[in-house]
Amino acid sequence: RYGPPGCGKTESIKRDCERAAEKYGGENVMVMSFTRAAAAEIKDRVDSVPRENAGTLHHFARAALGGPDIAAGKVLKDFNDANPHWKLSHEGDRAESAFDRHIATQGDGLLMELEVLRQKMTPERDWPKNIQNFNAAWRDFKKQSDLCDFTDLIEHAYLDCETAPGNPAVMFFDEAQDSPPLELALVRKWGAQAEKLVVVGDDDQAIFAW
């Protein structure tokens with residue numbers, strides 16, 4: 001379902017959520033969005049679905065994986081100490097994904113390039129050598145620290161989780177125009193196990209040129 005700003009996409013989701021909740025029960029309806037802001041808006045406008053059933057795709061992927069810790073914040077000091085030439089700044093710690101990080105260091109730039117390649121599902125053999133080298137160090141750091149990054153949440157959920165948390169009967173996914181191939185792959189995989197999947201967006205408002 002696609003449409004421009006102001007055409008009533010959110011109201012349409014609300015209306016369809018109410019219908020789905022009447023038929024399947026609100027606990028069997030899941031509403032996902034690309035950003036926290038959009039997810040919060042949906043939570044405030046959809047009364048028929050429990051608030052815990054509305055959130056970002058990353059939120060639900062993390063729940064499906066059992067709530068792993070995220071590689072951010074002060075733990076990055078360990079990576080920086082071991083890899084001073086690829087130092088990561090802390091300015092993006094509150095970002096919803098690596099795409100939102102402020103690029104203040106070479107490491108920040110490499111991390112963002114890495115995330116783009118992973119989210120586009122580009123085979124690692126096709127990555128530039130410097131990205132492969134950075135990824136090896138980043139992957140080792142996460143493994144040793146028992147941490148995930150934001151793309152790991154989507155990637156691991158796509159590979160390891162057959163259904164969305166709670167195995168909902170109906171799923172709604174808003175802001176689809178900004179979702180990269182990996183996230184859409186997860187939505188489609190989970191949606192295939194539901195009775196109905198509704199994808200909503202506006203291709204003319206896309207932030208990223210995937």
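Here is a chat between a student and a tutor about this predicted model.

Student: Let's start with the sheet. What makes it an open sheet, and what is the strand order?

Tutor: The four strands run in the order β2-β1-β3-β4, with parallel pairing. The edge strands are β2 (54-56) and β4 (196-199), and each of these pairs on one side only. On average, neighbouring strands are turned by 20° against each other, direction ignored.

Student: How do you know that β1 and β3 pair?

Tutor: Two strands pair if there are at least two bridges between them. β1 (residues 29-33) and β3 (residues 170-173) have four bridges, in the parallel sense, so they count as paired. Met30 stands opposite Met171, and Met32 has Phe173 as its bridge partner.

Student: And on what grounds are β3 and β4 called paired, and in which sense?

Tutor: Four bridges again, in the parallel sense. Phe172 has Val198 in β4 as its bridge partner.

Student: What makes you say that both faces of β3 are covered?

Tutor: In a regular strand, side chains alternate between the two faces of the sheet. On one side of β3 you have Val170 and Phe172, on the other Met171 and Phe173, and all of them are buried.

Student: Which helices lie on this sheet, and how are they directed?

Tutor: Helix α2 (residues 36-45) lies across β1 and β2, running at about 175° to β2. α8 packs on the sheet too, touching β1, β3 and β4, and its direction makes about 165° with that of β3.

Student: Why is α8 described as largely enclosed?

Tutor: Count the buried residues: nine of its twelve fall in that class, so the rest of the structure largely encloses the helix. Among them are Leu182, Leu186, Lys189 and Trp190. The buried residues of α8 pack against β1, α3 (57-64), α5 (106-119), α7 (150-160), β3 and β4.

Student: How do you know that the length of α8 agrees with what a helix should span?

Tutor: At 1.5 Å a residue, its twelve residues should span 16 Å, and the end C-alpha atoms are 16 Å apart, so the two agree.

Student: Take Val187 in that helix. Is this residue buried or exposed, and why?

Tutor: Val187 sits in α8 (residues 181-192). Its relative accessible area is 1%, and the cut-off for buried is under 20%, so Val187 is buried. Leaving aside neighbours within four places in sequence, Val187 is in contact with Met32, Leu57, Phe173 and Leu197.

Student: What about Lys189: what makes its charged end count as sitting over a ring?

Tutor: The distance part of the rule asks for NZ within 6 Å of the ring centre. The charged end of Lys189 is 5.5 Å from the centre of the Tyr158 ring, and it sits over that ring.

Student: On to the aromatics. Why is the Phe79 and Phe134 pair called what it is?

Tutor: A pair of aromatic rings is described by the distance of the centres and the angle of the planes. For Phe79 and Phe134 the centres are 5.9 Å apart and the planes stand at 75°. The cut-offs are centres within 6.5 Å for a pair and planes over 60 degrees for edge-to-face, so this pair is edge-to-face. The pair links distant parts of the chain, with Phe79 in helix α4 (residues 76-82) and Phe134 in helix α6 (residues 129-145), 55 residues apart. Both residues are buried.

Student: How many aromatic pairs are there, and which residues do ring pairs link into a cluster?

Tutor: The count comes to six aromatic pairs. Ring pairs link Phe79, Trp86, Phe134, Trp138 and Phe141 into a cluster.

Student: What makes the phi of Met121 worth a comment?

Tutor: Most residues other than glycine have a negative phi. Met121 is not a glycine, yet its phi is positive, about 60°. This residue is found in the loop between α5 and α6. At 40% relative accessibility, Met121 counts as partly exposed, since that class lies between 20% and 50%.

Student: And Glu175: what is its phi, and is this residue buried or exposed?

Tutor: Phi of Glu175 is near 60°, again positive in a residue other than glycine. Glu175 is in the loop between β3 and α8. Its relative accessible area is 18%, and buried means under 20%, so Glu175 is buried.

Definitions and conventions. Residues numbered from 1 in each chain as written. Predicted model: local features only at pLDDT ≥ 70, side-chain atom pairs only at ≥ 80, totals over all residues. Heavy atoms only, no water. Helix = DSSP H or I, 4+ residues; strand = E, 2+ residues; numbered from the N terminus. Buried < 20%, exposed > 50% of the residue type's maximum accessible area, 1.4 Å probe, protein only. Contact = heavy atoms within 4.5 Å. Axes fitted to C-alpha atoms, helices over the stretch in contact; angles between N-to-C directions. Phe/Tyr/Trp six-rings, centres within 6.5 Å; stacked < 30°, edge-to-face > 60°. Lys NZ or Arg CZ within 6 Å of the ring centre and 35° of its normal. Expected span 1.5 Å × (residues − 1).
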